[in-house]
Amino acid sequence: MTNSWTDLILGKPWLEHALGPDSFDCWGVVHFGFKTQRDIELPKYLYVSSEGFRQQGVNESDYPQWLRLSVPEDFSLAGLSMGERITHVGLFLDINGGSILHCRQDSGVIMQSIRAMKSQGWRTIRFYRWQNFS
């Protein structure tokens with residue numbers, strides 16, 4: 001079970017730097033969710049290519065506006081890594097016991113459980129709250 005806004009974007013295709021509503025990249029899903037569901041305009045971060053992001057990742061210290069959480073909260077950013085640095089993002093939603101809405105180049109927008117994400121090799125999943133969101 002999902003909800004109406006996620007139903008509208010599930011299955012939409014991946015496109016680099018796309019922020020929706022017809023196509024998305026991984027950041028685009030997070031950006032779209034915050035904009036349409038919380039009326040929060042997040043930065044676009046379009047200066048990083050998808051390939052560069054996957055190869056280099058990001059450091060938490062580069063993004064102080066995101067506060068790290070010890071446990072996920074509804075609408076928290078999920079930062080995923082197969083190594084040390086975050087190389088993929090999604091949106092944690094309190095749906096179906098907790099799921100991550102994200103977009104991949106090979107599958108478009110999908111929603112998966114944390115268990116499914118870990119079984120696909122996402123070794124580390126960290127959660128963050130936008131500093132101006134409570």
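User: What makes the 6 strands an open sheet, and in which order do they stand?

Analyst: In this predicted model, the 6 strands follow the order 1-6-2-3-4-5, with antiparallel pairing. Strand 1 and strand 5 stand at the edges with a single partner strand each, so one side of each has no neighbour in the sheet. On average, neighbouring strands are turned by 35° against each other, direction ignored.

User: How do you know that strand 2 and strand 6 pair?

Analyst: Pairing needs at least two bridges between the strands. Strand 2 and strand 6 (residues 124–130) have 5 bridges in the antiparallel sense, so the two strands count as paired. Ala78 has Phe127 as its bridge partner in strand 6, and Ser81 stands opposite Thr124 in that strand.

User: What joins strand 2 to strand 3?

Analyst: A hairpin joins strand 2 to strand 3 through 6 residues. The two strands run antiparallel and are joined by 5 bridges. In strand 3, Ala78 has Gly90 as its bridge partner.

User: Why is strand 2 described as largely enclosed?

Analyst: Of the 6 residues of strand 2, 6 are buried, so the strand is largely enclosed by the rest of the structure.

User: Which strands does helix 2 touch where it packs on the sheet?

Analyst: Helix 2 touches strand 1, strand 2, strand 3 (88–93), strand 4 (99–104), strand 5 and strand 6. The direction of helix 2 makes about 35° with that of strand 3. Among the buried residues of helix 2 are Cys26, Trp27, Val30 and Phe34.

User: How does the span of helix 2 compare with the expected span?

Analyst: Helix 2 has 13 residues and reaches 18 Å from its first C-alpha to its last. At 1.5 Å a residue, 18 Å is expected, and the helix is close to that.

User: What caps the N-terminal end of helix 2?

Analyst: Asp25 does, with a side-chain oxygen 3.2 Å from the backbone nitrogen of Trp27. Just after helix 2, Asp39 takes a positive phi of about 55°.

User: Why is Asp39 called exposed or buried?

Analyst: The cut-off for exposed is over 50% relative accessible area. Asp39 has 71% relative accessibility, so Asp39 counts as exposed. Asp39 lies in the loop between helix 2 and helix 3 (50–56), and its phi is positive although it is not a glycine.

User: Why is Phe75 called buried or exposed?

Analyst: Buried means under 20%. At 4% relative accessibility, Phe75 therefore counts as buried. Phe75 is in the loop between strand 1 (66–69) and strand 2 (76–81). Phe75 also has a positive phi, about 70°, although it is not a glycine.

User: How do you know that the peptide bond between Gly20 and Pro21 is cis?

Analyst: The omega of the bond joining Gly20 and Pro21 is about 0°, and the bond is cis. Pro21 is found in the loop between helix 1 (4–9) and helix 2 (26–38).

User: Why does Gln112 count as buried or exposed?

Analyst: The limit for buried is under 20%. Gln112 is at 12% relative accessibility and so counts as buried. Gln112 is placed in strand 5 (residues 108–113).

User: What makes the pairing of the Gln112 and His102 side chains a polar contact?

Analyst: A polar contact needs N or O atoms within 3.5 Å, one able to donate a hydrogen and the other to accept it. The side chains of Gln112 and His102 make such a contact at 2.7 Å. Leaving aside neighbours within four places in sequence, Gln112 is in contact with Ser99, Ile100, His102, Met117 and Gln120.

Key: Residues numbered from 1 in each chain as written. Predicted model: local features only at pLDDT ≥ 70, side-chain atom pairs only at ≥ 80, totals over all residues. Heavy atoms only, no water. Helix = DSSP H or I, 4+ residues; strand = E, 2+ residues; numbered from the N terminus. Buried < 20%, exposed > 50% of the residue type's maximum accessible area, 1.4 Å probe, protein only. Contact = heavy atoms within 4.5 Å. Axes fitted to C-alpha atoms, helices over the stretch in contact; angles between N-to-C directions. Expected span 1.5 Å × (residues − 1).
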